Amino acid sequence: MKTVGYAAQGAGEHLAPWHFDRRQARPNDVVMEILYCGICHTDIHMRDNDWGFAHYPLVPGHEIVGRVIEVGSQVTKFKVGDNGAVGCMVDSCQECDQCKKGNEQFCREGNTMTYSSPDRIDGAITQGGYSKHIVVREDFVCTLSDKLDLSRTAPILCAGITTWSPLRHWNIGPSSRVAVIGMGGLGHMAVKLASALGASVTQISRSLKKKAVAMEIGADAFLVSTDADAMKAAYNGFDLIIDTIPVKHDLDVYVPLLDIDGTLVIVGAVGPWGEVDGAPLLLGRRSVAGSPIGGIRETQEVLDFCARKNILPECKIIRPDEINDAFVTLEKADIPYRFVMDMSYLHV
Ligand code: NAP
Ligand code: ZN
């Protein structure tokens with residue numbers, strides 16, 4: 001089908017409207033008209049080819065909420081008119097031990113990412129949600145409760161699941177002490193989710209600017225990372241630290257904040273870290289770990305949890321033609337919320 005999206009034609013280039021074709025629905029595909037798409041910091045990394053695997057033209061977007069307009073002959077979970085949601089993956093082998101456990105993010109054959117990834121069947125490069133339509137294998141489309149406000153749901157599909165997955169993996173609950181480094185799209189969702197799980201939550205940020213919002217959305221405390229005395233006073237205070245900083249940074253500043261057996265989990269920057277002091281790791285059996293997105297089952301779980309607990313991301317709704325300005329603002333990192341595009345402004 002003919003559709004339109006906002007694409008970068010090369011590394012670092014501004015996004016502009018681009019007309020392209022989506023595949024015909026296969027028997028197990030769902031065709032959706034996209035209603036809203038969130039803007040993740042990853043989309044900037046990919047526009048700029050920071051990780052070396054971007055394909056151009058590149059239509060970013062992996063926080064997708066849409067309405068089903070067509071279904072393949074074998075689709076059972078959706079019918080025309082239903083709402084559906086797509087996150088960071090659109091396919092995987094479904095056969096390996098990890099896929100069978102619901103950990104498609106760890107598929108032994110590699111998962112197919114929502115954009116800039118070769119399709120498993122025809123090899124075509126996938127294109128993301130900054131577009132009017134998308135065609136996705138049914139198993140990778142999540143259902144949406146009527147309780148969710150669709151205009152504020154999209155960021156759960158990446159910012160939500162990426163912070164939910166480590167919270168669940170490390171069994172966060174009422175007796176846990178969680179810190180979140182960086183208050184952006186991922187960070188503010190981590191605060192909301194950890195707080196809803198009953199943990200005591202501290203937001204760590206580079207200045208006091210975002211304190212009021214952090215406390216409003218569920219943080220119990222706010223720590224400024226550039227305040228050396230306050231940081232020292234917080235040493236040994238956390239069981240889990242979720243680190244959302246999008247660039248390489250000094251982990252030695254944060255590891256001592258962990259209590260014995262605590263874990264700092266990196267969900268932000270990908271790439272080499274440089275030196276990390278082994279002493280606090282050894283002496284307190286502390287860990288530094290990483291975590292990518294989450295499986296489809298877990299993504300459905302966080303969507304349902306948010307619906308049940310009435311948790312919604314903080315969103316600023318924009319038009320698709322404002323995307324390049326939104327990227328500039330996001331790069332300055334001074335917003336404690338997610339930009340979400342209202343795709344009704346985009347016409348084929
Ligand atoms: P974001 O909205 O831009 O938020 C990042 C926050 O990190 C900023 O608000 C800022 O918080 C802090 N920060 C920014 N630059 C910094 C710097 N130079 N030094 C220290 N702190 C800095 O980004 P996001 O969408 O939440 O994404 C965060 C990172 O996660 C990105 O790298 C993205 O690619 C990655 N990501 C990973 C996964 C995964 O699967 N693991 C999934 C999605 C995204 P303060 O102003 O509060 O300090
Ligand atoms: Zn993302």
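**View 1. Val90, a buried residue in a predicted model.** With a relative accessible area of 11%, Val90 is buried, because buried here means under 20%. Everything in these views comes from a predicted model, so keep that in mind as you look around. Val90 is part of strand β6, which runs over residues 89–91. Now look for Asp229: from C-alpha to C-alpha, Val90 and Asp229 are 46 Å apart in space. Along the sequence, 139 residues separate Val90 and Asp229.

**View 2. Val180 and Ala219, a pair set 39 residues apart along the chain.** Is Val180 buried or exposed? Its relative accessibility is 0%, so Val180 counts as buried. You'll find Val180 in strand β10. The C-alpha atoms of Val180 and Ala219 are separated by 9.5 Å.

**View 3. Leu281 in helix α7.** This helix covers residues 279–283. Leu281 has 22% relative accessibility, so it counts as partly exposed. Try picking out Thr263 as well: its C-alpha is 9.5 Å from that of Leu281. In sequence, Leu281 and Thr263 are 18 residues apart.

**View 4. The zinc ion (ligand 2) and its protein donors.** Which residues hold the donor atoms? They are Cys40, through SG, His62, through NE2, and Cys158, through SG. These atoms lie 2.0 to 2.2 Å from the zinc ion. Read along the chain, the donors follow the spacing C-x21-H-x95-C. Cys40 and His62 link distant parts of the chain, 22 residues apart. Cys40 sits in the loop between β3 (29–38) and α1 (41–47), while His62 is in the loop between α1 and β4 (64–71). Cys40 and His62 are both buried.

**View 5. A cis peptide bond between Tyr56 and Pro57.** Here's a spot to zoom in on the backbone. Omega for the bond joining Tyr56 and Pro57 is about -5°. Pro57 has its place in the loop between α1 and β4.

**View 6. Ligand 1 and the residues around it.** How many residues surround ligand 1? There are 27, and the closest are His41, Ser205, Lys210, Val267 and Arg338. Sorted by type, the shell around ligand 1 has 13 nonpolar residues, 11 polar ones and three charged ones. Helix α1 gives the largest share of this shell, three residues.

**View 7. Short distances to oxygen atoms of ligand 1.** Start with Ser205: one of its polar side-chain atoms is 2.5 Å from an oxygen atom of ligand 1. Leu186 uses its backbone instead, with an N or O atom 2.8 Å from an oxygen atom of ligand 1. For Ile293, a backbone N or O atom is likewise 2.8 Å from an oxygen atom of the ligand. On its own, ligand 1 has 930 Å² of accessible area, and the protein covers 88% of that. The elements giving two or more residues to the shell around ligand 1 are α1 and α4.

**View 8. Helix α4, residues 185–196.** Does the length of α4 add up, and what should its 12 residues span? At 1.5 Å a residue, the expected span is 16 Å. The end C-alpha atoms of α4 are 17 Å apart, which agrees. The helix is mostly covered, with 10 of its 12 residues buried. Among them are Gly185, Leu186, His188, Met189 and Lys192. After α4 comes Gly198, with a positive phi near 100°.

**View 9. Asn171, a positive phi without a glycine.** The phi of Asn171 is about 50°. Asn171 belongs to the loop between α3 (159–169) and β10 (177–181). Is Asn171 buried or exposed? Its relative accessible area is 65%, so Asn171 is exposed.

**View 10. Asp261, with a positive phi in a strand.** Asp261 is not a glycine, yet its phi is positive, about 70°. The strand in question is β14, residues 258–266. Asp261 has 41% relative accessibility, so it counts as partly exposed.

Definitions and conventions. Residues are numbered from 1 along each chain as its sequence is written. Chains are lettered from A and ligands numbered from 1 in the order in which they are written. This is a predicted model: local features need pLDDT of at least 70, side-chain atom pairs count only at pLDDT 80 or more; totals for chains, interfaces and linings use all residues. Side-chain values use heavy atoms; hydrogens and water are left out. Helices (H or I, at least four residues) and strands (E, at least two) are DSSP runs, numbered from the N terminus. The expected span of a helix is 1.5 Å times one less than its number of residues. Buried means under 20% relative accessible area, exposed over 50%, partly exposed in between (1.4 Å probe, protein chains only). Donors are N, O and S atoms within 2.8 Å of the metal (3.2 Å for Na, K and Ca); water is not among the atoms, so sites may look incomplete. A residue is near a molecule or strand if one of its heavy atoms lies within 4 Å of it. A polar contact is a pair of N or O atoms within 3.5 Å; within protein, one must be able to donate a hydrogen and the other to accept it, and residues adjacent in sequence count only if both atoms are side-chain atoms. Accessible areas come from the Shrake-Rupley method with a 1.4 Å probe; for residues, only the protein chains shown count as cover. Ala, Val, Leu, Ile, Met, Phe, Trp, Tyr, Cys and Pro count as nonpolar, Asp, Glu, Lys and Arg as charged, and the others, Gly among them, as polar.
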